[in-house]
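Open the model in your viewer and keep the sequence panel beside it. Each stop below says what to select and what is there.

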Amino acid sequence: MESPLAGYLLVAALLFAIGLAGALVRRNAILVLIGIELMLNAANLNLIAFWRYGPHPEALTGMMFAIFSIAVAAAEAAVGLGLVISIYRHANTTELDKMNRMKG
Amino acid sequence: MILEATASTAQLAPSSIAGILWVIPALPIVVSGVIALLKQPQRKPATGLAIGALSISLLLSLVAFARVVAGWAHGIAVREVVNFTWARVGPTGLELGWVLDPLAAIMLVMVSFVGLLIFIYSVGYMEHDENFTRFFCFLSLFAGAMLGVVISNSLLLLFMCWEIVGLTSYLLIGFWYQKPSAAAAAKKAFITTRFGDVFFLLGIVWFFAQTGTLLFYNHGLGSLEPLSLAVVATNHAGLGLSAAGAIGLLIFAGAAGKSGQLPLHVWLPDAMEGPTPVSALIHAATMVAAGVYLIARVYPLMQVGAGPGGSTTALTVVAWVGAATAVFAALIAVAQNDIKRILAYSTISQLGYMMAGLGLGGVAVGMFHLITHAFFKALLFLGAGSVIHGCHEEQDIRRMGGLRVDMPLTFATYGIGMLALCGFPIAFSGFWSKDAILESAQHWSVAKTPFYLLVFGAVLTAFYMTRQICYVFLGYWRGHGEAHESPTVMTLPLAVLAFFAMALGVIGTPAWPWFHAFLENRAPGLDMHAFIEPSFLALLSTSTLIVAIGIGLGWWLYGNKSPKPEAPDALEKTAPHVWAALRDRLYVDEFYGVTIIAFYAWWARVADWFDRRVWGGIVAVVTWLFNFWARFNRTLDMNWVDGSFDKSCEELSNSGGLLARVQGGRVQNYLRILAVAVVVLAAVLLWSSRP
């Protein structure tokens, strides 16, 4: 029986593509953030899949990476949402195309 | 004896008057500078300053003269010199100085006295001229420079003053510079005299090279003292001349230019374009006599090397040129119709007499005629000025006549001047001075021709003066308007000059040759027997005959006839060709026109052609080359250097713009680029890791 790793990877790649597309095409900053979360979780899925079907499943390395990553993602979401709220208060919009004052 | 006396006095410190002798020329020069600063309408201060300064100069001159006479009375030949070094050049130096000796003293008195009278006369003559103060500025400068010439003890100082005199002569001839003829005459005078001065300067330099000093007298070391003269007399200059002779001839060339001697006389008649007082002061009495004075001053140089009773080459040339000039100018004077031109040619003729006198008889003979001539020729010129003034600026003697009634004072004084110039016996100074010249000509050892020339000249002089008098004062009035007598300020100098034109003869008679004795430092013995000596009586009768022939001929041809102004002259009818030649001044000007001036014009054209074609061509070629090179460089610069630079700048800016668009501030754009890049990177990696 062939290893189910490829299936996990395909799912993760699909998830990443969906996240990327969301991050690239949505105009709302909150939806872009959601896209980014999707891409992060795709990466987490990869980490877990490679760990589970890798040469050393007994070492909890993949699990550790995933937990770290989720923690970072939580922090990132908090900071990102905070930024969005503060920008909304300042510019009264959440459209990313209107926030173009960050150029040098 | 004279030399010993000179040596003994030379050791003494100069007297106070000799010490301040420089004040005499300096005063008028300073005053001329002050007048130059005055405004034109300030006539009174200008005349006051000029006349005052010259009066003081005259007083000082008289004191100096008295000092020399006093020394002479004690048997001392006064020759006081004050020398100083002007500039030191290596072992030698340029030395200047002044000298007080009989020659200088007599000239000082003459120049300042005649000058003063002419200044006073000018006040009346120039009354209506708008440039009155300028006139007095120039006159004063002239007087100062002329006095400077007289007292110079250095050839260099003499030359400087000589040139200032030439400059003022130029300025005063061209005083009415609005008249083209006056401007041209001024230029002609300046250039002609300068021609002589070039030779004079050469002579000075040569003399300096030979003797090592420019001073005339310097306690035995001067260039005119025996030590130096021995050197120049023994050195040879080639062509059988000693250095002394050659230098003498060069200096004479300068004197000939200034004194209007034969080849260089052409400027003097034209100089009559100036105001009449100028003609009287500069071109009759003083400046033109400077040449004669110069020869008298360097007489020891001219004379050195002569045997007893003999003559040197230089003196022979002086005598011949003088005699030829005397006759030549007198001939031309016969056929002139301008009252001042007649006097101008008469002046040239009389200057010829002075030169001849110097060459034939020595310093005293020439100088005596210089002094007497200064008085009676100034008188004649001022008389002519008075006539011109009275006849409303008319100068043509054919349009005058009968003025003896209208201008009695002028007529009387002019008559005296005319008789003095003719050499009318006994009562007039001209007789004694001219007689002295004729007498020395008669006894000249070299040739007798000058004597005959001078006698012929004397006949002509009497003739043309009689002609002039007949035209101007006799007959009836042929001019326009009414003639009137001149104001007292003009007639008074005439009267004073007339007195001296007669009285001056007293100091130079054979019986009491005071003047000659004074110049030669002899005792002036009074010897009445000289009057009845056969040689003197023969000369007296010859002179009387000469004057009688001249005046008689003139009277016979012109006396009281009053011809119409348009009628031909009495002589013209008999010999029209000769008359025309004389009237046209024997074509000397024309001769110079077709020789020297034509040559210069030709030479100027050649130079001009060369300048335009050859040098101009070279310049044009070089210009074209540089122009071409510059154009080439410009093309290169504009198309290559500038082009490439501009293009690269443009591209830089374009690419900058392009890149700037990438950094648009839109976060999603960045992300998109990032995504594309990752995809491309992944593709490349996959592609390259292909087995």
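A residue is buried if 20 or more other C-beta atoms lie within 10 Å of its own, exposed if 12 or fewer, and partly exposed in between, with C-beta atoms placed from the backbone. Residues are numbered from 1 along each chain as its sequence is written, and chains are lettered from A and ligands numbered from 1 in the order in which they are written. This is a predicted model, in which local features need pLDDT of at least 70, side-chain atom pairs count only at pLDDT 80 or more, and totals for chains, interfaces and linings use all residues.

**Stop 1: Leu215(B)**

Select Leu215(B). It counts as buried, because 25 C-beta neighbours fall inside 10 Å. Leu215(B) sits in the loop between α8 (180-211) and α9 of chain B. Helices here are DSSP runs (H or I, at least four residues), as strands are (E, at least two), numbered from the N terminus. Now show the contacts, meaning residues whose C-beta atoms, placed from the backbone, lie within 7 Å. Leaving out residues up to four places away in sequence, Leu215(B) touches Asn83(B), Glu95(B), Gly97(B), Asn153(B), Ser154(B), Gly222(B) and Ser223(B). Add Arg297(B): its C-alpha is 12 Å from that of Leu215(B), and the two are 82 residues apart in sequence.

**Stop 2: α9(B), α10(B) and α13(B)**

Select α9(B), residues 226-234, together with α10(B). Their axes come within 5 Å and cross at roughly 95°. Therefore α9(B) is roughly perpendicular to α10(B). Axes are lines fitted to C-alpha atoms, for helices over the stretch in contact, and angles run from 0 to 180 degrees between N-to-C directions. Angles under 35 degrees count as roughly parallel, over 145 as roughly antiparallel, 65 to 115 as roughly perpendicular and the rest as oblique.

Which residues make the contact between α9(B) and α10(B)? Leu229(B), Val232(B) and Ala233(B) do so from α9(B), and Ala243(B), Ala244(B) and Ile247(B) from α10(B). By class, this contact has six nonpolar, no polar and no charged residues. Ala, Val, Leu, Ile, Met, Phe, Trp, Tyr, Cys and Pro count as nonpolar, Asp, Glu, Lys and Arg as charged, and the others, Gly among them, as polar.

Keep α10(B), residues 243-258, and add α13(B), residues 287-297. These axes come within 7 Å and cross at roughly 160°. So α10(B) runs roughly antiparallel to α13(B). On the α10(B) side, show Ile251(B), Phe252(B), Ala255(B), Ala256(B) and Lys258(B). They meet Met287(B), Val288(B), Ala290(B), Gly291(B), Leu294(B) and Ile295(B) of α13(B). That contact has nine nonpolar, one polar and one charged residues.

**Stop 3: α4(B) against α6(B)**

Select α4(B), residues 43-73, and α6(B), residues 132-151. They pack at an angle of about 15°, with axes 9 Å apart. So α4(B) is roughly parallel to α6(B). Among the residues that meet are Ala46(B), Ala50(B) and Leu54(B) in α4(B), and Phe136(B), Leu139(B) and Ala143(B) in α6(B). The contact has nine nonpolar, four polar and one charged residues.

**Stop 4: the cores**

A nonpolar core is a set of buried Ala, Val, Leu, Ile, Met, Phe, Trp, Tyr and Cys residues joined through C-beta atoms within 7 Å. The largest has 220 residues. Ala50(B), Leu108(B), Met146(B), Ala378(B), Leu454(B) and Ala501(B) touch the most other members. A second, separate core of nine residues includes Ala29(A), Met39(A), Ala49(A) and Leu96(A).

**Stop 5: the chain contact**

Show both chains. Ten residues of chain A are in contact with nine residues of chain B. The chain A side has five nonpolar, two polar and three charged residues.

**Stop 6: loop residues**

Most residues other than glycine have a negative phi. Select Glu393(B), where phi is positive, near 60°. Glu393(B) lies in the loop between α17 (363-390) and α18 (403-406) of chain B. With 7 C-beta neighbours inside 10 Å, Glu393(B) is exposed.

Move to Tyr587(B), in the loop between α26 and α27 of chain B. Its phi is also positive, near 60°. Tyr587(B) is exposed, with 12 other C-beta atoms within 10 Å.

Finish on Asp584(B), in the loop between α26 (576-583) and α27 (588-662) of chain B. Is Asp584(B) buried, exposed or partly exposed? Asp584(B) is partly exposed, because 13 other C-beta atoms lie within 10 Å.

How values were computed. Contact = placed C-beta atoms within 7 Å.
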